[in-house]
Every structure is written in structure tokens, then in C-alpha cells.
2 protein chains.
Amino acid sequence: MSESSLAELLRARGLRLTAQRQLILQAVLDLGHATPEQVHNAVREVAAGVNITTIYRTLELLERLGLVTHTHLSHGSPTYHAAGEDQHVHLVCRECGAIDEMDPELLRPLADQLARERGFRVDIGHVSFFGLCERCGNGDQK
Amino acid sequence: MSESSLAELLRARGLRLTAQRQLILQAVLDLGHATPEQVHNAVREVAAGVNITTIYRTLELLERLGLVTHTHLSHGSPTYHAAGEDQHVHLVCRECGAIDEMDPELLRPLADQLARERGFRVDIGHVSFFGLCERCGNGDQK
DNA sequence: TTTTGTGCAAAGATTTTGCATCCCC
DNA sequence: GGGGATGCAAAATCTTTGCACAAAA
């Protein structure tokens, strides 16, 4: 689905399909969620010459095309992941950094309420919760 | 409450109360939520010589002391805000960058569910939702 | 006086930009 | 062939670190 839709989305805007763009999209799909640097490393295993600049520019493009989205997980760098069906909410452990996921539909009631009462339309595929995972949360009940 | 508790928390650890630390905490309390740079600007209005390095070091210290926490709002810089009573969830508009707030208690049912079913304890005072605010969301219903 | 804290400058890390060249269409 | 895309290098941010001096206790 994604490779062909990339070509179509690009063509529809007069943009070009390049090897780099295909590789970068594929890397994001494969990695699940990854920082620009992780994408770069993955892409370089296949095509050594690809520059980090191209990673940044292409991730931004793919996001504009709606193929990927990014989230900020606690620390510095943003992480990118495929947009679409497999959306998920990240559960990030403050202690150990583990990243779990949950179904965004659990947010639907709240999202609907916010849309109704405040006019704010939450992007429920772009949410992270911080806290303590099961392992790290034991002991210091609070 | 906070000024005196700062002194106590510092003394309890053998650390020192300085003018900079008081000013930086006060700035965070006043600003609501602010990036290190915004804190720096606020502090400099009172004490011109304070260095940005001290802002970073002190914000980290205040966070360890439990007086402030930080959140990552879409773009780059983290924003710091006072920990404790006045917790709030940020509603960040992807378009215009406006930051609104909502009561974290609205998250309570979901947080309880996650704790029960997955053992993940969400820090509900440390949540940001991204999306479109009322003004920016009009027109492109999707 | 002693030890922690701060300012300054420089180093790091990450991300962006300008420009010449490359190559998709 | 033409205009968008890439690589390279340099710039721009943002954050951290080392060290000498200042200041709290």
C-alpha cells in the first residue's frame, strides 16, 4: 500500500519519486518509531551515501503527505512513525524509558468532549502519556 | 509556600539558597509554562547578569527537588511549570502554536483504567494533547 | 574558611540553510 | 532540458561541560 501511494502522492503534487524517499519511508515503516538519526542509520545500511540532511527534509515531506507523523517522547529528539491504520498512543516510562502502546480509541470519549465543549480537535494518533510502567511503578505507591 | 520550601529542600540536602535560584523558581511560578529561554528573559528583567547556563542547571535542580516539572510541547524546547496543585493538561495547536489548558481530572477515568489493566501509572499532570484549536480547525473538517 | 554555585567561553549535539551538482520526469 | 532533489559544508540553535572566581554557610 505505502510504496505505491507514495508515488501517487508525490506525482499529484508535481514532486518526484526518488530512491531516498522510498528508502526513508520504508525505514520508518520497518522501525515502528524512530528518531531521525535511527532512520539515517537504517537507510545507510542499504544506501551508504544518504545524507542526514535528506533524512530531515524527507521526514518533513512525508509528514506533509500524511504518510508519517511524529511525536515527542520525553527526551530530545522527535520520533517518527507511520501514519494511518496502526495509530497508537505511546506510554512512556519516565524511569526506564520503555515505550508501550495503547489503542487511541480509548481517548475517543475525551476527544469528543473536548471538540464539543472547547472546539479543540485532538489528534488522537499523536499522543504520549508519561508515567511509570508496571515494573518501575512498584514500591513507591503514591 | 514555595519560597520557604525551596530553602528547606536545599538545606536538607546541604545545598545553598541563592538569589538566582529564588528568581528562577519565581519566574517559573509566574510564567505558568515557559521554556528555559523565556525563564531567562524573565529573570534578566530583575537581575541582568544571570547566565543561561544557570537557568538550565537550576531548572534541572528544581525538577530534582520536585518543585517544577517539564513537558515537551510539539516543537523543540521543553517547557517548565510549577509542580503541585495547579496541574494542567496542555492543549497545543499544531497550526498556530496556541496553548490552552484543561483540567487533568478529565483524564482520571482513563488513567485509572490504564493503572488497573496495564499497571501503567499515568502522570496526568504531565500530558499534552496536540491538535487544532477552534480558530485553526474551522474549514478543513476532517 | 570551605565547599558549593555562577559566569564565561568553548565544546557538543541537533537541525536548518545555501548552493552547486545530479537526476527524475 | 528543466526544475525539483540531493550532498556537502557551513550556519544556526539549543544544551552541556570545564574551569576560575564569587559567594553562601
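**Notebook: salt bridges, symmetry, cysteines, DNA**

I started with salt bridges, taking a side-chain nitrogen of Lys or Arg within 4 Å of a carboxyl oxygen of Asp or Glu, and got six over all chains. Housekeeping before I go on: this is a predicted model, so local features need pLDDT of at least 70 and side-chain atom pairs count only at pLDDT 80 or more, while totals for chains, interfaces and linings use all residues. Residues are numbered from 1 along each chain as its sequence is written, chains are lettered from A and ligands numbered from 1 in the order in which they are written, and side-chain values use heavy atoms, with hydrogens and water left out.

**Entry 1: the salt bridges**

I looked at B:Arg118 and A:Asp100 and found them in a salt bridge, with the closest N and O atoms 3.2 Å apart. This pair crosses between chains: B:Arg118 sits in helix H5 (residues 108-118) of chain B, and A:Asp100 in strand S4 (residues 99-102) of chain A. My helices (H or I, at least four residues) and strands (E, at least two) are DSSP runs, numbered from the N terminus.

Next I checked accessibility, with buried meaning under 20% relative accessible area, exposed over 50%, and partly exposed in between (1.4 Å probe, protein chains only). B:Arg118 comes out partly exposed at 30%, and A:Asp100 is partly exposed too, at 40%.

Then I went to Arg108 and Glu105. In chain A, the side chains of A:Arg108 and A:Glu105 form a salt bridge at 2.9 Å, N to O. A:Arg108 is partly exposed at 35%, and A:Glu105 is partly exposed at 41%. In chain B, I found B:Arg108 and B:Glu105 joined by a salt bridge, also at 2.9 Å from N to O. There, B:Arg108 has 36% relative accessibility and counts as partly exposed, as does B:Glu105 with 41%.

**Entry 2: how the two chains relate**

I superposed the copies by least squares on the C-alpha atoms of residues with pLDDT of at least 70 in both. Chain B goes onto chain A with an RMSD of 0.6 Å, using a turn of 180 degrees and a shift of 0.1 Å along the axis. The two copies are therefore related as by a two-fold rotation axis. I also asked which C-alpha of chain B is nearest the axis. That is the one of B:His72, 3.2 Å from the axis.

For the interface I used contacts, meaning heavy atoms within 4.5 Å. Of the contact residues of chain B, 100% recur in chain A, so the same surface serves both copies.

**Entry 3: the cysteines**

I pulled the UniProt record, an unreviewed entry, and it puts the feature "binding site" at A:Cys93, A:Cys96, A:Cys133 and A:Cys136. UniProt positions are given in the numbering used here, feature names are shortened, and annotations may be inferred rather than shown by experiment. These four span 44 residues in sequence, yet no two of their C-alpha atoms are more than 8.3 Å apart, so they gather at one spot.

Is A:Cys93 buried or exposed? I get 2% relative accessibility, which makes A:Cys93 buried. A:Cys93 lies in strand S3 (residues 89-93) of chain A. Leaving out residues up to four places away in sequence, A:Cys93 touches A:Ala98, A:Gly131, A:Leu132, A:Cys133, A:Cys136 and, from the other chain, B:Phe120.

A:Cys136 I found in helix H6 (residues 134-137) of chain A. At 23% relative accessible area, A:Cys136 is partly exposed. With the same sequence exclusion of up to four places, A:Cys136 touches A:Cys93, A:Glu95 and A:Cys96.

**Entry 4: DNA strand D**

Here I called a residue near if one of its heavy atoms lies within 4 Å of the strand. How many residues surround DNA strand D? I get 18, and the closest are A:Arg16, A:Arg21, A:Thr54, A:Arg57 and B:Tyr56. Sugar and phosphate make up 56% of the atoms of DNA strand D that come within 4 Å of the protein.

I then looked at N or O pairs within 3.5 Å, my cut-off for polar contacts (within protein, one must be able to donate a hydrogen and the other to accept it, and residues adjacent in sequence count only if both atoms are side-chain atoms). A:Arg16 puts a polar side-chain atom 2.2 Å from a base nitrogen of DNA strand D. A:Arg21 has a polar side-chain atom 2.6 Å from a phosphate oxygen of DNA strand D. A:Asn51 uses a polar backbone atom, which lies 3.2 Å from a phosphate oxygen of DNA strand D.

Last, I noted which elements give two or more residues to the surface near DNA strand D: helix H2 (19-31) and helix H4 (52-64) of chain A, together with helix H4 (52-64) of chain B.
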